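Work through the exercises below with the structure open beside the text. Try each task before reading its solution.

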Amino acid sequence: MSDVKLYWSQDNQNESLFVNKEITISPDDALKCSNILFHSDNLIAMKYLISMGFARKIDLIYIDPPFYSNEIYFQRMKNSNHVAFSDIWKGKISQYLDMMYPRLCAMQHLLSETGSIFIHLDWHVVHYVKVIMDEIFKPENFRNEIVVKRGRRKNLLYQFNSIDRMHNSNDSILWYSKAPDTRYPPPLVEHVSESKWMGFWSNVDRPTMRYEIFRYTPERGQWKWSKARASKAIRNYDVYKRKLYPLSLEQYWEKTGKKKEFIRKRDGVKYPEYWIPKKTHKILDNIWTDIESYDYSTGYGTEKHMALLERIIEKFSKPGNLIADFFCGSGTTLTVASKLRRQWIGCDSSSMAINVTRKRIKDYDFRMLMP
Ligand SMILES: C[S@@+](CC[C@H](N)C(=O)[O-])C[C@H]1O[C@@H](n2cnc3c(N)ncnc32)[C@H](O)[C@@H]1O
């Protein structure tokens, strides 16, 4: 424990409760009332957590480790330009992967059986880390590569007459679960779309899905739904037309409990059409360019946006869960975890990162205490 500075907040609302000495922590403390911030190399912190009984206790880990970018990052504050952390690896990629490998193994150990890990990287090493993650977590636990926007960077290519590659506009987040049978509620986001009619025939060739409707059986492709479902939807539209017209279909659908499906056939249009009701939400896919992923609120170089962490933590964990970020930098993950009523464990080896994080948590909780 000699290399670990442990800061421990008992109610996460008052900075004076942070202590800076060796104390014993248990998973019960962490789950009931306490958040934990390590000022330490994260391998030491994780080994300590494992020795204290935290194996399989963490529900969600987000990490944003150095990207192997060959850059030095600064704390950008008025009258100061101090180094926050260095991402320069003299031993090249193998040195970087030697650093990551035991840390990812420790995270696998700490993650609960229903837990998930999200690893934020970019083109420099994401493909190498995918390979070692497949080895440590197993390929069947790989869920998605999530594409997010990069931070503000000038596209310098405009000044040249020829280019050797395109500008990189995305980062990647690798999402793995601990176990392959874990399931998640569909991640919904607000998205308004009007109701519309779409062709009921599809090009996918499935002979069992070819049957007669409106006195026509297609010779190739398929109808989109089973015969029973389609027949019911045809009857629904017939009832609507005969009895309730001129009530709009939208109004009829709402009045009848928003469950009915409809299929119609218009003269002069080759195929029948099925009706898609208006939507207020859509299920997320892996392209998350609708939100920012970088922010510049603390001046800590590489700070991630709260919107990104809100999406990950809200969609893939529950209130009361234990969240960890072992490369926490300015503390974005921890701030969002507090906001969303999750417990957290944070770690960073940089004094500057720990100072920014502590200030941010204090600021956040002071805002929370205001009436
Ligand atoms: C890209 S930054 C994280 C930024 C953070 N996501 C945010 O929103 O501010 C990476 C952080 O990892 C920390 N770090 C690098 N190696 C580490 C190690 N072995 N143990 C603990 N922290 C480490 C650096 O000090 C740096 O703060």
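**Exercise 1.** Which residues does Glu 113 touch, not counting residues up to four places away in sequence? Then decide whether Glu 113 is buried or exposed.

Solution. Keep in mind that the model is predicted.
- Step 1: find Glu 113 in strand 7.
- Step 2: leave out residues up to four places away in sequence; Glu 113 then touches Arg 56, Lys 178 and Ala 179.
- Step 3: look at a residue far off along the chain. Lys 57 is 56 residues apart from Glu 113, and their C-alpha atoms are separated by 8.5 Å.
- Step 4: apply the cut-off, by which a residue with 12 or fewer other C-beta atoms within 10 Å is exposed. Glu 113 counts as exposed because it has 11 C-beta neighbours inside 10 Å.

**Exercise 2.** Describe the surroundings of strand 17.

Solution.
- Step 1: recall that in a regular strand the side chains alternate between the two faces of the sheet.
- Step 2: check each face. Leu 322 and Ala 324 lie on one side of strand 17, Ile 323 and Asp 325 on the other, and all of these are buried, so both faces are covered.
- Step 3: list the strand partners. Strand 17 pairs with strand 4 in the parallel sense over 2 bridges, and Ile 61 stands opposite Ala 324. Strand 18 (residues 343-348) also runs parallel to strand 17, joined to it by 4 bridges; here Gln 343 is the bridge partner of Leu 322.
- Step 4: add the helix. Strand 17 is one of the elements against which the buried residues of helix 7 pack; strand 4, strand 7, strand 8 and helix 8 are the others. The buried residues of helix 7 (residues 306-316) are Leu 308, Leu 309, Arg 311, Ile 312, Ile 313 and Phe 316.

**Exercise 3.** Which residues have the most contacts inside the largest nonpolar core?

Solution.
- Step 1: take the core of 59 residues; those with the most contacts inside it are Ile 61, Met 107, Leu 110, Ile 119, Ala 324 and Phe 326.
- Step 2: find the main contributor. Helix 3 (residues 92-110) gives the most to this core, with 6 residues.
- Step 3: follow one member. Beyond four places in sequence, Met 107 touches Ile 61, Ile 117 and Phe 326.
- Step 4: look for a core apart from this one. Another has 13 residues, among them Phe 200, Tyr 240, Trp 253 and Ile 263.

**Exercise 4.** In what order do the 3 strands of the open antiparallel sheet stand?

Solution.
- Step 1: the order is 11-15-14.
- Step 2: identify the edges. Strand 11 (196-199) and strand 14 (263-264) each have a single partner strand, so one side of each is left without a neighbour in the sheet.
- Step 3: examine one pairing. Strand 11 and strand 15 (residues 273-276) run antiparallel and are joined by 4 bridges. Lys 196 has Ile 276 as its bridge partner.

**Exercise 5.** How many residues surround the ligand, and of which classes are they?

Solution.
- Step 1: the count is 19, and the closest are Phe 85, Phe 327, Gly 329, Ser 330 and Thr 332.
- Step 2: sorted by class, the shell has 7 nonpolar, 7 polar and 5 charged residues.

**Exercise 6.** Where does the pLDDT fall below 50?

Solution.
- Step 1: begin with the whole protein, whose average pLDDT is 88, with 86% of the residues scoring at least 70.
- Step 2: the pLDDT is below 50 over residues 10-21, a stretch with 21 contacts in the model beyond near neighbours in sequence.
- Step 3: residues 366-371 also stay under 50, with 1 contact beyond four places in sequence.

Key: Residues numbered from 1 in each chain as written. Predicted model: local features only at pLDDT ≥ 70, side-chain atom pairs only at ≥ 80, totals over all residues. Near = placed C-beta within 6 Å. Nonpolar A, V, L, I, M, F, W, Y, C, P; charged D, E, K, R; others polar. Buried ≥ 20, exposed ≤ 12 C-beta atoms within 10 Å, placed from the backbone. Contact = placed C-beta atoms within 7 Å. Core = buried A, V, L, I, M, F, W, Y, C linked by C-beta atoms within 7 Å. pLDDT = per-residue confidence, 0-100. Pairing = 2+ DSSP bridges.
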